Amino acid sequence: MSSTYTPSIGPETVAYKSIEVDGLNIAYREAGNASNPKLVLLHGFPSSSHQYRNLIPALADRFHVIAPDYPGFGESAYPDPDKFSYTFDKLAEVVEGFLEKKGFDRYGLYVQDYGGPVGFRIVTKNPSALEWLIIQNTNAYEIGFTAAWGSLRGDLWKERTPASEAAVAGLLALDTVKAIYLQGSTLPELISPDNWNSDFASLQRPNAHRIQMDLFYDYRTNVALYPKWQAFLKEHQPKTIIFWAQGDIFFTPEGGEAYLPDLPKAEMHRLSAGHFAVEDCLGYISSHMHTFYEARVAPKA
C-alpha cells in the first residue's frame, strides 16, 4: 500500500504567520474558523505567544483565536532600541495596527501580565471593540504589587541610572525566569522546562536586556493609568471572567480581588497556581471560558 499526503490547515490547527505593521514584521499564532467569534490573547513577560501554545487549540473549536508577539518578543521584529521606542504606548499602537490589519474589530480579549497594559490602552481608546474580557494576573490596582517589585519601584522608577538598572538586572537571570513559571504551582511537573529555557535564550539576543530594561522603566506609566482603567471598567462593565493565580511571583491575591468592586458581576476563579497559570490549569481555564461565553456573552437565539 502507498499513499500521498498533502498537509492542510484545519479549523483547529495552529498556524504560525507574520504580517507587516508600521514597517515591522509581527509574528502571530492563529487558529479557528474565521466565522467564529474573535478572541485575542496578549502575552506577558518574559514570554511571547508561546505561552498560549496549548490554550489556542483548546479554544479553537469555538473561537477564531489570534495571539501576536510584541516587537522585541518571540518571532516578531527586533528593532534596535536606539531607533524604536520600547514603551507600552508603542506596543499598544503596534498591536492595535495589527488587529486592524487582521480585521479584528470586535473581540474577546485575554490579558495576562504585560497584556493588560497593552490591551487596556487599546480598549479604553476604542471601547466598542471589546466584546468580553478575560483577566489573568495582570495588574490594575496598587494593591496588586508583590515584594518582587521593590527594586523597580524603589530604585529604577525613581531614577534610571546604571546603579538602579543593576538593582533589577536579576529579573532577567535564568533562576528568576524559571521561578516566574514555577513559584506558586502545586504541580510543577506539569510545566515544561522549554518555557524558561526558550525565554532565557531569547533574553540573550543582542539588545535584549536593554529592551527589557526600557519596558521595566516604562512600566511606571501603567501605574499612572490605573485610575483611567478602573474608571473604564466601572463605566462600561464589560462581561468579565477573572482567573487569578494565588501564588504569582509578581501580583498579589489582593490584586485580583481589587477588580470586583469595579466589576461586581465578574466571575472570579482563584487558582492554586503561579504567574503562567495556563501551564498547569489549562483545562480548567479553557472549559470555564467556553461556559462563560455561552452563558454570558453569546447572542441568544
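Modeller: Before we start, a helix here is a DSSP run of H or I with at least four residues, and helices are numbered from the N terminus. Keep in mind that this is a predicted model.

Colleague: Thanks! Which residue follows α9, and what is its phi?

Modeller: Helix α9 covers residues 220-236. Right after α9 comes Gln-237. The phi of Gln-237 is positive, near 45°.

Colleague: How far apart are the end C-alpha atoms of α9, and what span should its 17 residues have?

Modeller: The expected span is 1.5 Å times one less than the number of residues. For the 17 residues of α9 that gives 24 Å, which agrees with the distance between its end C-alpha atoms, 25 Å.

Colleague: Where in α9 does the kink lie?

Modeller: Look for the proline Pro-227 in α9, since the kink lies shortly before this residue. The bend there is about 45°, and the residue is Tyr-226.

Colleague: Is Tyr-226 buried or exposed?

Modeller: Buried means under 20% relative accessible area. Val-223, Trp-229 and Phe-232 are among the residues of α9 in this class. What covers the buried residues of α9 includes α2, α3 and β6. Tyr-226 is on the list too: buried.

Colleague: Which strands of the sheet does helix α3 touch?

Modeller: The sheet is open, with 8 strands in the order β1-β2-β4-β3-β5-β6-β7-β8. Helix α3 (residues 115-125) packs on this sheet, and its direction makes about 145° with that of β5. The strands α3 touches are β3, β5 and β6.

Colleague: Which residue in β4 is the bridge partner of Tyr-28?

Modeller: Strands β2 and β4 run antiparallel and are joined by 4 bridges. Tyr-28 lies within β2, residues 24-31. Its bridge partner in β4 is Pro-68.

Terms used
Residues are numbered from 1 along each chain as its sequence is written. This is a predicted model: local features need pLDDT of at least 70, side-chain atom pairs count only at pLDDT 80 or more; totals for chains, interfaces and linings use all residues. Side-chain values use heavy atoms; hydrogens and water are left out. Two strands pair if DSSP finds at least two bridges between them. Helices (H or I, at least four residues) and strands (E, at least two) are DSSP runs, numbered from the N terminus. Contact means heavy atoms within 4.5 Å. Axes are lines fitted to C-alpha atoms, for helices over the stretch in contact, and angles run from 0 to 180 degrees between N-to-C directions. The bend at a residue is the angle between axes fitted to the seven residues ending there and the seven starting there. Buried means under 20% relative accessible area, exposed over 50%, partly exposed in between (1.4 Å probe, protein chains only).
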